[in-house]
Number of protein chains: 6
Amino acid sequence: MTTFTRNNGRAADQLRAVRITRGFTIHAEGSVLIEFGDTRVLCTASVEEKVPPHKRGSGEGWVTAEYGMLPRATHTRSDREAARGKQSGRTQEIQRLIGRSMRAVFDLKALGERTIHLDCDVLQADGGTRTAAITGAFVAAQDAVNKLLAAGTIPASPILGPVAAISVGIVQGTPLLDLEYTEDSACDTDMNVVMTGAGHFVEVQGTAEGAAFTRAEMDLLLGLADKGIQELVVLQQQALAK
Amino acid sequence: MTTFTRNNGRAADQLRAVRITRGFTIHAEGSVLIEFGDTRVLCTASVEEKVPPHKRGSGEGWVTAEYGMLPRATHTRSDREAARGKQSGRTQEIQRLIGRSMRAVFDLKALGERTIHLDCDVLQADGGTRTAAITGAFVAAQDAVNKLLAAGTIPASPILGPVAAISVGIVQGTPLLDLEYTEDSACDTDMNVVMTGAGHFVEVQGTAEGAAFTRAEMDLLLGLADKGIQELVVLQQQALAK
Amino acid sequence: MTTFTRNNGRAADQLRAVRITRGFTIHAEGSVLIEFGDTRVLCTASVEEKVPPHKRGSGEGWVTAEYGMLPRATHTRSDREAARGKQSGRTQEIQRLIGRSMRAVFDLKALGERTIHLDCDVLQADGGTRTAAITGAFVAAQDAVNKLLAAGTIPASPILGPVAAISVGIVQGTPLLDLEYTEDSACDTDMNVVMTGAGHFVEVQGTAEGAAFTRAEMDLLLGLADKGIQELVVLQQQALAK
Amino acid sequence: MTTFTRNNGRAADQLRAVRITRGFTIHAEGSVLIEFGDTRVLCTASVEEKVPPHKRGSGEGWVTAEYGMLPRATHTRSDREAARGKQSGRTQEIQRLIGRSMRAVFDLKALGERTIHLDCDVLQADGGTRTAAITGAFVAAQDAVNKLLAAGTIPASPILGPVAAISVGIVQGTPLLDLEYTEDSACDTDMNVVMTGAGHFVEVQGTAEGAAFTRAEMDLLLGLADKGIQELVVLQQQALAK
Amino acid sequence: MTTFTRNNGRAADQLRAVRITRGFTIHAEGSVLIEFGDTRVLCTASVEEKVPPHKRGSGEGWVTAEYGMLPRATHTRSDREAARGKQSGRTQEIQRLIGRSMRAVFDLKALGERTIHLDCDVLQADGGTRTAAITGAFVAAQDAVNKLLAAGTIPASPILGPVAAISVGIVQGTPLLDLEYTEDSACDTDMNVVMTGAGHFVEVQGTAEGAAFTRAEMDLLLGLADKGIQELVVLQQQALAK
Amino acid sequence: MTTFTRNNGRAADQLRAVRITRGFTIHAEGSVLIEFGDTRVLCTASVEEKVPPHKRGSGEGWVTAEYGMLPRATHTRSDREAARGKQSGRTQEIQRLIGRSMRAVFDLKALGERTIHLDCDVLQADGGTRTAAITGAFVAAQDAVNKLLAAGTIPASPILGPVAAISVGIVQGTPLLDLEYTEDSACDTDMNVVMTGAGHFVEVQGTAEGAAFTRAEMDLLLGLADKGIQELVVLQQQALAK
């Protein structure tokens, strides 16, 4: 079996260069530019002292996310969703995924009746925008929570532990970690995995783009994802320690 | 470890009563009422002799799906999406999933430049509407293809094999097959699995509603799903043989 | 004058086979599948313990209706209104008609500050969907009211009497009762009539599709409608007596 | 039986003062301000040298209408539909009615592949806006057709004869012709009738706002409407003769 | 330098015939038809005893404007914004301009917590619709305020002074006051100026449609605008004195 | 007269620190991050080889702009326009202004039948986003044009000269150049000026936020703007020379 050769001599189980820049913009309670190679996503966390209707009076807070892509983040320009008047199904799917992933590591009771909005805007896309968004949004959320703690607004952190995400896939028979755009376009199977720092699954979304995949392939992919996410969690902690 | 007790003495690895009624309505090329217990979904397949813009002139066809829920399919009435003026994120996510699942078993070249629209409308909901929709839509699609073959419109079937779907989840520590509504509401982990008749994965979508889940739990769930889908594929074939 | 010959030897003044199935779905307070020949409409009545803004604090309730058609209820597939993002003028016209017809037999004071939502969804269309919807919605509303009475929520029925509807029209010079689709398409004059059990008019909507119609023709059509509605009211009562 | 007393000593079977001003604005091919008492509607007819998709290549033309109400045409300001982003069900119902009424007196073949757009905008409302709109739109349409004839664009008039409309209703037991706003608000039964110059019905839309109405009442109302429409047709012809 | 010749022998610094008709419709607190030559705009002022959310509890009122154009106000029919489902960017720009211009001469504190809605609807367009709208809206607003004063609802007028607007532009090298449509279409530079009765600027919006314009040209245009607005303010006062 | 003191000892007639970073993202034909102090706008230019309908077959190209603001570009989070389903009036006003400003320095004939889309997305806002957008969009457009020239797609540059924009305003009686957010909020008069490199006006938009402004004040502001724009044009050329 021949092995697919990646750009820049990257190994099949190797992440792209990951850079996490905190404080990228000045107004938000958390503002993180995260880069997975050429993919660049700006993740901001905004704290609002009220909750959506379904949480009012519950004593619990809420964590939610929105996702967007600048029109020319992509190789060819795509329509601006605000001008078209609606978000695509893909956008909604991604922002729902980010929101669920963040809530999986939040104790909403401990957050109190307030909302953390995570806005993930793709400045430049080269595959893996949703996994970069989740990984960066966690760091932005941690920064926002730290501000709330420092201000004494909440007595203890509502964050239960880190969460990060990575894509894996099979391209020309080779299981790969952290697909870039050309790999993503060529892959038979594409899986996005969200895991906690403890190595447990929050979300697994696998899709056969071409041929259906076997249980053995799935096992290989989950193993790769596990490795990648462990590395991302370390990078998140390093960024937060700065 | 205590085991969760299901309604009607159902075993943890047991499907609900599945009924597949072909020809439920008269106009569509394929019209199937599928029931998973109290969940009832009407799946129709409509053949249209044209394709969407991205397929024009390609010689290939297209298979797409739409999903809806009657306002009072649910325990309490939900808003009518047509009146609200947009489909929810959940609806779009589900109809995209159904569409991808169907295309996974279609040779679009062999279909020729025509579209099969699969409309999956939930008449009554009790959990598992998306998996019932996929399982029923396949039967409706097969009926529509059989009409095209009978009419000589296409020389050979574009269907590569059966596809079906089931939900699995962990409720109070017990892995369960084919969740009904009360189980779905109570579960920590919820997974929807779409597989081919050959036992390969088309889609795996697992979500931790409560605590994140382990690899061991995931393995148990995938095993349960595999068993359920093999049974569904048999039921599809029996229905088509009538 | 030659007479138009109807399908299945139906007489000019004869209704199609009417079937009224109560309890068609399990969640709604009233759930009726009504069939006028091949036209099949699912009518559900949902009770909500609040009223729209214009009735708040009035001590009165509200009765309202929504209407929809599954995309493949018709001979050729029509667009899904939820996907298109708005209800057609025709849909709005019909649901306003159903709502007014129901309110004509309701004492809103006696209903108390609650709303009955009537959802009429066409599963299969063959002409006369709005008249079937009105006729079936009344039965669903009666079932919902009976539940409120049985629960002691209201002391006396707010329903003043039955209401039903039928279409009449002139096809090739022959006045016909209860038009099916092919007749409806061919008719010069089309009239929908809504009447109470006492034989009074709630709504009369006549339209000249081809030539304008005379007073004499109108008188014939109103007579036919009166006959048909008297029969429908009997069928409603028989269904409710089961 | 006591009789309802109308404003300004108007008899029960008397129209309000009707004024028809042709050439009210300068750009449109037909531009008519029609007044029924204090109700004032500007009706313009615009000729466009193309047809909507369903008529393309048919050799036939199309006649269509749109209806609007200025926000402060009414006693209290109503929302601007353009700002709200959609036309109400009432607006759509009315504009569909105007369109059907106009098409009833048009030979679309003789019109040729062009469209006449009738825009009916209510400047001031005091009941009967839709019937004033139909009556005025006919005059505007005739002016536009006369321009086409004068220019030699069409060899013969596609207009088969006049059409006009009036409202009738029963207020406190008294059948009244041409309801003004206070009467319309108080009436038990409200009927809009559209008839040709030959005295045939194009549309009859009767609604019981309060109690259902009897056949005898209906007969009285249709008689009143017939009288009123005959008078309106004379007024249309007088206006066109100027 | 040759001078551009205007229609009807109008001088370069001359306004078109301006007519201001108060009480044009009967329901609004202020209702003014303003005509700048063939441009005719109906401006109504409606008083509502509540304020938008951002003013609630502030003790201050609000003044806001909406603008619309009847479909056949123009040479060729334009789409109805209510039917298209949204207001164009141009419409929004204009109504924001009218609202700001009116608020510039209102003491919102003195108005008290109520809203004045100014609806400016173009019945006929021939250039300068936004400047006619502002000039007419002021008169309508004054009439509405006078009603509030007369009723004792407010003790003193919240209006600080008059405001009016005019367009100026350079056509074929000639600076012109009050452009009509053919001049507007041909001009290189188009400027709308809003000024108070005291001769101060409220808004200046200049746009180079063709070549960019010099400071000297701008000075000429501002001078012309000043002259025109002084004349308009006199005409407003004369109309209000009637 | 006391003079308003600016942050960081900035003089009244001094621009904030301006930084222009070309090639900020990799996919667009032109990609410029422009910073006016803390205001940061990403301007991309995308070339598309087709034109909108009104230019088809004309031999001319088109230049158009869209504007957006990331939700947390501002001090408090604002709604995402894509999620709300429409662009605000302010957004539309700004993107129309940017488009007109760019077209003022483009020879659309020389561009040929292609479109340049300028997307201006505000990453961080501190006043003057629209003027930064125009100034940066010009540099992005120049980069895109240079690519077309280098590729031989067009023989000569369609750009007639530079264009840039700046805001000026009067705060507490002091005329200021290049307002930052706190100044913008406090100012009585706010003017945005767009000028060519030759010192001619493309757009002047002055608004009295508080008191109306005099001709003398306007003259002072226009002088300040002129000075600022001359400096910006130099900075644009320096950036392009790198």
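**Note on the contact between chain A and chain F**

1. A turn of 180 degrees and a shift of 0.0 Å along the axis lay chain A on chain F with an RMSD of 0.0 Å (least-squares superposition on the C-alpha atoms of residues with pLDDT of at least 70 in both). The two copies are thus related as by a two-fold rotation axis. Ala82(A) comes closest to that axis of the residues of chain A, at 1.9 Å (C-alpha).

2. This is a predicted model, where local features need pLDDT of at least 70, side-chain atom pairs count only at pLDDT 80 or more, and totals for chains, interfaces and linings use all residues. Residues are numbered from 1 along each chain as its sequence is written, chains are lettered from A in the order in which they are written, and side-chain values use heavy atoms, without hydrogens and water.

3. Chain A brings 36 residues to the contact, and chain F brings 36 residues (contact means heavy atoms within 4.5 Å). The copies meet through the same surface, because 100% of the interface residues of chain A are also interface residues in chain F.

4. About 2900 Å² is buried between chain A and chain F, and carbon and sulfur atoms give 51% of this (accessible area, 1.4 Å probe, lost on putting the two parts together, summed over both). His27(A), Arg72(A) and Arg80(A) supply 26% of the area that chain A buries against chain F, more than any other three residues.

5. Twelve salt bridges are counted between chain A and chain F (a side-chain nitrogen of Lys or Arg within 4 Å of a carboxyl oxygen of Asp or Glu). One joins the side chains of Arg80(A) and Asp119(F), at 2.8 Å, N to O.
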